[in-house]
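Thank you all for coming. Please take a moment with the sequence and the structure before I start, and then I will walk you through some places in it.

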Amino acid sequence: MIFLLPATLIAQDAGSGNLEQSVEDSVANEGDSFRTVGSTTVQTAFRKVPDEDLMGGISVVDVPGIMEKNYMTFSLENMQAFVGGFNGSMWGMGNYLVLVDGIPRDPASINPAAIKQISFLKGISANVLYGSRAANGVIYITTKRGGNHDLRINGRVDGGINVPIRYPNYLGSAEYMTLYNEARQNDGLSQLYSMESIYRHSTGEDPYRYPDVDYYSPQYLKEFTNRYHGNVEISGGSETARYYTNINFASSGSLLDFGEAKDIRGNNFNIRGNVDFELNENITASVGAGVIYDDQNGVNTNFWGEAASLRPHRYTPLIPISMFVENNPNLQQMVETSNYVINDEYLLGGNQLVSSNPIAGIYAGGTSESVGRQFQFNTALNMDLKGLLKGLEFRGQFGVDYQSSFNQAYNNEYAVYEPNWTAYNGENQISSLDQFGEDAKTGVQNVSSSAFQQTLAFSGQFNYRRTFDEDHQISSMLIANVHQITNSGEYHRTANLNLGVQIGYNYQQTYYVDFSAAVPHSAKLPESNRRAFSPTATLGWRIGQEDFMSGISAINNLKLYVSGGIVNTDMPIPGYYLYESNYSQADGAWFDWADGLSRVTTHSYRGSNPDLTYVKRKEINAGVEGSFFNNLLTVNGSVFLNRMDGGVIQASALFPSYFSTFYPENSFIPYVNYNIDQRRGIDFNVRINEELGGIDWTLGMAGTYFDSKAVRRAENNKYAYQDAEGTPLDGIWGLQSSGLFMSEQEIADHATQQFGTVQPGYIKYVNQNSNDDNLVNSQDQVYLGKAGWNGAPMEFGVNLTARWNNLTVFALGTGQFGAHGVKNGDYYWVNGDDKYSAVVRDRWTEETKNTASYPRLTTQSGSNNYRTSSFWMYSTDRVDLEKVQVTYNLPEKILQNSSIRQLQVYVSGANLLTISPNSDIMELNVGGAPQIRFYNVGIKANF
């Protein structure tokens, strides 16, 4: 755990310090109601501590310092470049708890400009006081507070563009039709498209009769879309009351460039503020609130999803009226009665198969608006109880958040038309139209997808801190902590209830001992097991304080710690009441008595287990922190080993076979604590500061390396190579490919693959149990590699800052290595009538069989080929240039006669470059909006 020194000692060591910083730190945030002067403090579990006393696996990020050189749009943006051990999860543990000012909240609900500090509580002793829901780690976001100074206003305005990185690459009509004919021929079917039809589609001379629709062309999409952002901070106050307000507005457009989609825009308005009171010398209080309005207008169709599935030749999106046969009264009447004549030139195209399509939907399907509202409120009270006992204080905090969302839409019906063509004087003309559907505008606004979430949180604590004989410091806390989250559509609330205790001692700020523990309560468990004891302990040594270190000039500071314990958590338990047996009326199953009456049978779906208990995170971690060579180099790192013991499963391998039957379907198998998961690894932060050539350089690097293992699993596999036990937790399992079959003879000589039809050009799989059978089936699936679901085995981030006079250049990059992905989905697994992507160009044919990298085409299911196997795997190794920003601060002498204290202008780019052998895969979104590069210009002024 971490250690809080008494305020008296902090003040002695602080020096003159910064008054504004000291006032902010004095605000009653989780138990720290004492004034500190000049000491950098870090928010940890229920208290703040000086950063020199951090131990137990904690990292902290100074967000305002980053924002001075790196404009961010999300609170946790690129944090892996600043925090070792954080790579989308903490130490690979999965979902973590996010607290904003002590209340469980979405990190996206707080904009970076309003954040003072982010604490990453990774180690077991760092987060135990938050109870069961914090077992995978805690991210604590501390917002800015007011100060004892006159009114200050900080403003920021940004404008930027989002540029798509990559679109899916689909084949045009002629190439698709040609290859589809080939696929049919492979399946022994006749060709569907004539050579003349293919030729007509290929020329592009008559795109209305022979369409070649490219949904990703400039006809439908913009080259870029814009984003605007504005932020205003207002702060000030006096000794007795201090205030802070943050007003934030962001607006972004859409890439779609036609119909109703031209007006798509998302707007987010976020205002939050807080006031801190000093009621008297013993009582302080604070109150804070936030309101978020989020409106995203749109259209009633999924353009990106349908663009990934509609074949290019299938229909004509727009039918030109100019191509109608002249003086045809039927055609003229269709135009006159249509509600949707596009630009006075076109009717909406379609046919019976695509009577609803994204182009028509965007022009005529109506509009929608996604509406979100959030209200956040929290208050705290601090009481110095030195009148009862010197060093004793009480703090209470209460928070309530409510958020709701719904969709409101005008849903229109529309008709589409399929043209019938005739030739007149050598020109194609439309002689008639087949109509599908009817135009209808009801004018009724429909409300749907209503949802809400409510969070209630409360904590109360007694803190005791004293210094004896100037050498002995004691800190302790007794805590009651609860939060409850209610989601619409969920019967049972998500709750976290626990008691916590912390006792710490340090001698001369050199030797540290800490004991922190919690007693959680869980409604997921039987009444006898709903409470458990979670103990942790930490030993720390600031070896740099020792006399024998004073002669070593190269070492400015050195600190060591070791921490360990057990935290009980119910997060991995997959549901409520699993300890009870479950019986239910069977559907469609009856039995008869001799009286001739039929009665419904009862089925058992699980047995009971009154001994079901918590999953236990057992961990030991150790760390080192130091600064060297006159603070040229600072290093800190951790090594950790933890186990999640007692994972809850319902496994037939643990019970006799008669515990479950297939007909009638019954199971008496209970949920039990059985699985054991292990994670181990290291994290590190390295920082170098140096002046070279008149330029101040700062280089920072943070990284994580970890691996995981399934230590125990309930398995009864015939073959050991199929055991998950001993393999990584995020393993990819499938068949091992050995290339493509080259001939019928090769198929005949190979083990029989039982996944459907096999032809030359189909994927060939390894028969893992060749000594036992001559078959390839599910028993030949093996571990293929790591997926990196909770982070790649190795992830790192690098940030570089160069300052010269008033000019600052900042660059940030990230990298990951050791994980794999699997190409799947219709973009890669092309079968049936799927749209063809460019990957099929490398298909197997008799002519290309020696160089082909894609299986033979088929219009059948392709069940042999399109399944998880090593054939479809790829490495996700990558290095990304995430951010570059150039900032210029106007010289103070230019501003000295104005009310502006600081004026800063900057340009930046984000998501700029990916270096990877598979960047074409990782930069691609299929069925959704594309990944983007963001270019921004901003100006910031402090008044």
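**Loops, strands and the whole chain**

Let me begin with D344, which sits in the loop that runs between helix 8, residues 329-337, and strand 14, residues 346-348. Please keep in mind throughout that what we are looking at is a predicted model. Is D344 buried or exposed? Its relative accessibility is 70%, and because anything over 50% is called exposed, D344 counts as exposed. The backbone at this position also deserves a look, since D344 has a positive phi of about 60 degrees although it is not a glycine.

There is another residue to set beside it, namely N911, which is likewise not a glycine and has a positive phi of about 55 degrees. N911, however, is found in strand 44, and with a relative accessibility of 22% it counts as partly exposed.

Staying in that part of the sequence, we come to Q896, which is found in the loop between helix 11, residues 892-895, and strand 44, residues 902-915. Q896 has a relative accessibility of 58%, so it counts as exposed. If you look for D780 on your screen, you will find that it is 116 residues from Q896 in sequence, while the C-alpha atoms of the two are 76 Å apart in space.

Now let me step back to the chain as a whole. How many helices and strands are there in the protein chain? There are 12 helices and 45 strands, and the C-alpha trace spans about 105 × 85 × 70 Å along its principal axes. For a compact globule of 943 residues one would expect a radius of gyration near 30 Å, and the protein chain has 33 Å, which agrees. Of those 943 residues, 52% count as buried. If we take the contacts with a separation of 6 or more, residues 24 or more positions apart account for 72% of them.

As for the surface, the protein chain exposes about 41600 Å², and carbon and sulfur atoms supply 52% of that area. The chain carries 66 positive and 97 negative side chains, and the centres of these two sets lie 5 Å apart.

With that background, let us turn to the strands, and to how some of them are paired. I would start with an open sheet of 5 strands, whose order is 3-6-7-4-5 and whose pairing is mixed. Its edge strands are strand 3, residues 58-62, and strand 5, residues 103-104, each of which pairs on one side only. Strand 3 is paired with strand 6, residues 115-121, in the antiparallel sense over 5 bridges, and within that pairing S59 stands opposite F120 of strand 6.

A general remark may help as you follow the side chains here: in a regular strand they alternate between the two faces of the sheet.

Next, please find strand 15, residues 367-384, which runs antiparallel to strand 12, residues 283-299, and is joined to it by 17 bridges. One place to see this is V287, whose bridge partner in strand 15 is T379. Strand 15 is also joined by 17 bridges to strand 16, residues 392-410, again in an antiparallel arrangement, and here F377 stands opposite V400 of strand 16.

Further along, strand 24, residues 555-569, has two antiparallel pairings that I would like to show you. With strand 23, residues 534-541, strand 24 shares 6 bridges, and G540 stands opposite Y561 of strand 24. With strand 27, residues 615-628, strand 24 shares 14 bridges, and the bridge partner of L560 in strand 27 is V624.

I will finish with one residue and its surroundings. N267 lies in strand 11, residues 265-278, and its relative accessible area of 28% makes it partly exposed. Which residues does N267 touch, if we leave aside those up to four places away in sequence? They are F249, A250 and S251, together with Y293, D294, D295 and Q296. By contrast, L895 is 628 residues away from N267 along the chain, and the C-alpha atoms of these two are separated by 34 Å.

That is where I will stop, and I am glad to go back to any of these places with you.

How values were computed: Residues are numbered from 1 along each chain as its sequence is written. This is a predicted model: local features need pLDDT of at least 70, side-chain atom pairs count only at pLDDT 80 or more; totals for chains, interfaces and linings use all residues. Side-chain values use heavy atoms; hydrogens and water are left out. Two strands pair if DSSP finds at least two bridges between them. Helices (H or I, at least four residues) and strands (E, at least two) are DSSP runs, numbered from the N terminus. Buried means under 20% relative accessible area, exposed over 50%, partly exposed in between (1.4 Å probe, protein chains only). The radius of gyration is taken over C-alpha atoms; the globule rule is 2.2 Å times the number of residues to the power 0.38. Contact means heavy atoms within 4.5 Å. Accessible areas come from the Shrake-Rupley method with a 1.4 Å probe; for residues, only the protein chains shown count as cover. Lys and Arg count as positive and Asp and Glu as negative; His and the chain ends are not counted. The place of a charge is taken as NZ of Lys, CZ of Arg, CG of Asp or CD of Glu.
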